[in-house]
Structures are given as structure tokens and as C-alpha cells.
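Biologist: I'd like a close look at one part of this model, please: the core and what packs around it. Take your time and keep it all in one answer.

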Amino acid sequence: MGFNSILQLFTPKDRVFYSLFEEVADSVGKMGKLMKEFAAESDADKRTSILSRMEDQEHINDDLTHRIFTELGRNFITPFDREDIHYLASALDDICDYIYATGKRSISIRSTPTIPASRKWRTLSNRAQDRYRSR
């Protein structure tokens with residue numbers, strides 16, 4: 001048995017983490033789009049409807065994060081450091097949690113797109129979305 005054969009034993013063959021992180025990235029992108037739509041909407045009923053879609057998307061992201069953690073438990077050999085995988089998954093989940101929490105808070109304080117702070121936040125959110133799409 002050659003050295004290359006031994007190395008192949010320790011090379012991860014399953015690319016599950018890559019596909020899961022791609023799904024999580026898409027989920028974060030959808031949350032950002034929903035927040036952009038939410039921040040621009042002035043009708044309270046439509047904002048509540050968008051918030052409901054944000055909640056659904058946040059649950060989807062939670063499920064994806066749980067799948068990543070489950071795969072971490074199943075796979076002895078990972079494509080990169082286990083702690084980094086855990087940290088990245090947690091950080092991406094936190095982004096969706098914060099976006100959803102921002103929407104809930106905005107509803108509870110009756111924030112509208114005409115408030116100056118809301119307009120500034122929407123501008124920053126749009127810039128973040130543009131950067132996300134450009135990568």
C-alpha cells in the first residue's frame with residue numbers, strides 16, 4: 001500500500017458540507033431579500049405577511065443548520081476544521097435569526113419606511129445585499 005493510498009483513506013469523499021453551506025447561503029440571501037421587501041413596504045398587513053414568510057425561511061435555515069450539526073456528528077473526516085464548520089454554521093444561522101428578530105421588532109414598534117432611521121437601515125441593507133450578490 002503506497003503513501004497515496006493511505007492519504008486517500010483520510011481524504012473526505014462526501015461533499016455534503018459544501019452542498020449544505022450552499023443551501024444555507026441561499027437561505028440567507030432569501031432572508032435578505034425578504035427584509036429588503038419588508039423594509040420598503042408601508043402597508044401593515046403586507047408587512048405582517050412578509051414577516052410570516054421570513055419566519056418560514058428562518059425555520060428552513062434552522063433545519064439546514066441542524067443538518068450541518070448532524071453531519072458533523074456522523075463524519076469523522078471533514079473537509080475543513082470541525083470547529084470552523086460549527087462556527088460558520090452558527091454565524092450564518094445567527095444572521096437569519098437577527099433578520100427575523102429585526103422584522104418582529106419593527107412590527108412591534110410600528111416602524112414605517114418613512115422614519116429616517118428606517119430609511120438609513122434600508123440603505124445599509126441594500127448595500128449588504130449588493131455585496132452578497134457580487135461574491
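Modeller: Let's settle one word before anything else: two residues are in contact when they have heavy atoms within 4.5 Å of each other. Also keep in mind that this is a predicted model.

A quick bit of background, then. The chain has 5 helices and 0 strands, so to speak a plain run of α-α-α-α-α from the N terminus on. Of its 135 residues, 33% are buried. The chain exposes about 9100 Å², with carbon and sulfur atoms supplying 55% of that area. Take the contacts between residues at least 6 apart in sequence, and 74% of them turn out to join residues at least 24 apart.

Now for the core itself. In soluble globular proteins, nonpolar side chains tend to be buried together. Here, the largest nonpolar core has 22 residues, and the ones touching the most other members are Phe 17, Phe 21, Met 54 and Ile 68. At least two residues of this core come from each of helix H2 (16–40), helix H3 (44–74) and helix H4 (82–108). H2 is the top contributor, giving 10 residues.

So how do those helices sit against each other? Start with H2 and H3: their axes come within 10 Å and cross at roughly 165 degrees. Angles over 145 degrees count as roughly antiparallel, and that is why H2 and H3 are described as roughly antiparallel to each other. The crossing of H2 past H3 is left-handed. For H3 and H4, the axes again come within 10 Å, crossing at roughly 165 degrees. H3 and H4 are therefore roughly antiparallel to each other too, and H3 passes H4 in a left-handed crossing. That leaves H2 and H4, which pack at an angle of about 15 degrees with their axes 10 Å apart. An angle under 35 degrees counts as roughly parallel, so H2 and H4 get that label. H2 also passes H4 in a left-handed crossing.

The H2–H4 pair is worth zooming in on. On the H2 side, the residues that meet H4 are Phe 17, Phe 21, Val 24, Ser 27, Val 28, Met 31, Gly 32, Met 35 and Phe 38. Facing them from H4 are Ile 85, Leu 88, Ala 89, Leu 92, Ile 95, Cys 96, Ile 99, Tyr 100, Thr 102, Gly 103, Ser 106 and Ile 107. Phe 21 is a good residue to click on here. If you set aside neighbours within four places in sequence, Phe 21 is in contact with Ile 68, Phe 80, Ile 85, Leu 88, Ala 89 and Leu 92. Phe 21 and its contact Ile 68 were both among the core residues touching the most other members.

Leu 88, one of those contacts of Phe 21, is found in helix H4. At 36% relative accessibility, Leu 88 counts as partly exposed, because buried would need a value under 20%. Its C-alpha lies 9.8 Å from that of Thr 65, with the two positions 23 residues apart along the chain as the separation.

Thr 65 takes us over to helix H3. With 5% relative accessibility, Thr 65 counts as buried. Not counting residues up to four places away in sequence, Thr 65 touches Ala 89 and Asp 93; Ala 89 is also in contact with Phe 21.

Back in helix H2 you'll find Leu 20. Leu 20 counts as buried, because its relative accessibility is 1%. Beyond its neighbours within four places in sequence, Leu 20 is in contact with Leu 64, Arg 67, Ile 68 and Glu 71. Take Arg 67: it is 47 residues from Leu 20 in sequence, yet their C-alpha atoms are 7.9 Å apart in space. Ile 68, for its part, is in contact with Leu 20 and with Phe 21.

One last stop is Asp 26, again in helix H2. Asp 26 has 47% relative accessibility and so counts as partly exposed. Between Asp 26 and Asn 61 there are 9.4 Å, C-alpha to C-alpha, for a separation of 35 residues in sequence.

Key. Residues are numbered from 1 along each chain as its sequence is written. This is a predicted model: local features need pLDDT of at least 70, side-chain atom pairs count only at pLDDT 80 or more; totals for chains, interfaces and linings use all residues. Side-chain values use heavy atoms; hydrogens and water are left out. A nonpolar core is a set of buried Ala, Val, Leu, Ile, Met, Phe, Trp, Tyr and Cys residues joined through side-chain atoms within 4.5 Å. Buried means under 20% relative accessible area, exposed over 50%, partly exposed in between (1.4 Å probe, protein chains only). Helices (H or I, at least four residues) and strands (E, at least two) are DSSP runs, numbered from the N terminus. Accessible areas come from the Shrake-Rupley method with a 1.4 Å probe; for residues, only the protein chains shown count as cover. Axes are lines fitted to C-alpha atoms, for helices over the stretch in contact, and angles run from 0 to 180 degrees between N-to-C directions. Angles under 35 degrees count as roughly parallel, over 145 as roughly antiparallel, 65 to 115 as roughly perpendicular and the rest as oblique. A crossing is left-handed if the near helix is turned anticlockwise from the far one by less than a right angle, and right-handed if clockwise.
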